[in-house]
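Student: I'm new to this structure. Please pick one part of it, walk me through that part slowly, and then show me what surrounds it.

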Amino acid sequence: MELRIQKLTKEMSGDYLSYFDYVAFTDHEEWSACYCLESHLKKEEEERYKTKEERRQKAKVLIENGTMQGYLIYENENIVGWCNTGDKMNYIPICENEEFITDYREKGKIKVLYCIDIAPSYRGKGIANQIMKKVCEDAKVEGYLIVEGFPFKDTNLPYQYRGPIHLYEKHGFEKHKEGPWYYIMRKEL
């Protein structure tokens, strides 16, 4: 399987929206309004963007203004996955929660791997490994000191969208901090 992992640009907003509209959650319709907004909404905004169409439009705005960052994963012209990753200081829920604050509070120091979503028929084929490698390589080139991720402690949850802990360990991440439902996994670059 030959993949192309491409940084999200505003010109790719149509591909991004199409992935979430038709591919990402074909096995779980109840998650179909996600559009990966959890990472960028303030608590009070969560009430404002409830419907699938409202969330879709908000995602489009965030892509077009450069707030939503990450990678789309293609096999040929088919989108088979998404990875939400960017500067830690761009993630409102993380910045609002002291539990997630580690040692740097300025931009350009820590890159976060917030979410990995693989199309149902492509799961279990090593795509997350390729994404993890790409995120770490690019973070180093971009001048980041650290990459962090926040996998769930409960490995029995049906959807490990933050990536399973063993994926982080496989790529040299270590447990930096433990929260009530997550670990902060960290890799120094």
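**A close look at strand E4**

Tutor: Let's start with the whole chain and then zoom in. Of the contacts in the protein chain with a separation of 6 or more, 64% are between residues 24 or more positions apart. Keep in mind that this is a predicted model. The protein chain has six helices and seven strands, and from the N terminus on they run β-α-α-α-β-β-α-β-α-β-α-β-β. The radius of gyration is 16 Å, close to the 16 Å that the globule rule gives for 189 residues, so the chain is as compact as a globular protein of that length. Along the principal axes, the C-alpha atoms fill a box of roughly 40 × 40 × 35 Å. Of the 189 residues, 47% count as buried.

Now for the part I've picked, strand E4. E4 covers residues 110–118, and nine of its nine residues are buried. To see where E4 sits, read across the open sheet of seven strands: the order is E1-E2-E3-E4-E5-E7-E6, and the pairing is mixed. At the edges you find strand E1 (3–7) and strand E6 (174–178), each of which pairs on one side only. From one strand to the next, the twist averages 30°.

So which strands does E4 pair with? One is strand E3 (residues 78–87), in the antiparallel sense over seven bridges. If you want a spot to click on, aspartate 87 stands opposite lysine 111 in E4. Another is strand E5 (residues 146–149), this time in the parallel sense over four bridges. Lysine 111 turns up again here, standing opposite valine 147 in E5. To get from E4 to E5, the chain crosses through helix H5 (residues 127–141), and this β-α-β crossover is right-handed. A little further along, leucine 113 stands opposite glycine 149 in E5. As you follow the strand, remember that side chains in a regular strand alternate between the two faces of the sheet.

What about the helices? H5 lies across E1, E2, E3, E4, E5 and strand E7 (183–188), and it runs at about 160° to E4. Helix H1 is another neighbour to look at. The buried residues of H1 are Ser13, Tyr16, Leu17, Tyr19, Phe20 and Asp21. Some of those numbers may look oddly spaced, but an α-helix has 3.6 residues a turn, so residues three or four places apart point the same way. Among the elements that cover these buried residues are helix H3 (52–64), E2, E3 and E4.

The loop next door is worth a stop too. Lysine 88 is found between E3 and helix H4 (92–95). Is lysine 88 buried or exposed? Its relative accessibility is 1%, so lysine 88 counts as buried. Its side chain makes a polar contact of 3.1 Å with the side chain of threonine 102. Leaving aside residues up to four places away in sequence, lysine 88 touches Ile94, Cys95, Phe100, Ile101, Thr102, Ile110, Val112 and Glu148. Check that list against the strand ranges: Ile110 and Val112 fall within E4, while Glu148 falls within E5.

For a second buried residue in a loop, try histidine 40, which lies between H1 and helix H2 (43–48). Histidine 40 has a relative accessible area of 4%, so it is buried. A polar contact of 3.4 Å joins its side chain to that of serine 39. Beyond the residues up to four places away in sequence, histidine 40 has several contacts, including Asn84, Asn90 and Tyr91.

Finally, go back to the sheet and visit its far end. E6 and E7 pair in the antiparallel sense over four bridges, and a hairpin joins them through four residues. There, glutamate 178 stands opposite tyrosine 183 in E7. Then return to E4 and find E3 and E5 once more: E3 pairs with E4 in the antiparallel sense, and E5 pairs with E4 in the parallel sense.

Notes: Residues numbered from 1 in each chain as written. Predicted model: local features only at pLDDT ≥ 70, side-chain atom pairs only at ≥ 80, totals over all residues. Heavy atoms only, no water. Buried < 20%, exposed > 50% of the residue type's maximum accessible area, 1.4 Å probe, protein only. Helix = DSSP H or I, 4+ residues; strand = E, 2+ residues; numbered from the N terminus. Pairing = 2+ DSSP bridges. Right-handed = clockwise from strand over helix to strand, strands pointing away. Axes fitted to C-alpha atoms, helices over the stretch in contact; angles between N-to-C directions. Contact = heavy atoms within 4.5 Å. Polar contact = N/O pair within 3.5 Å; in protein donor to acceptor, adjacent residues only side chain to side chain. Rg over C-alpha atoms; globule rule 2.2 N^0.38 Å.
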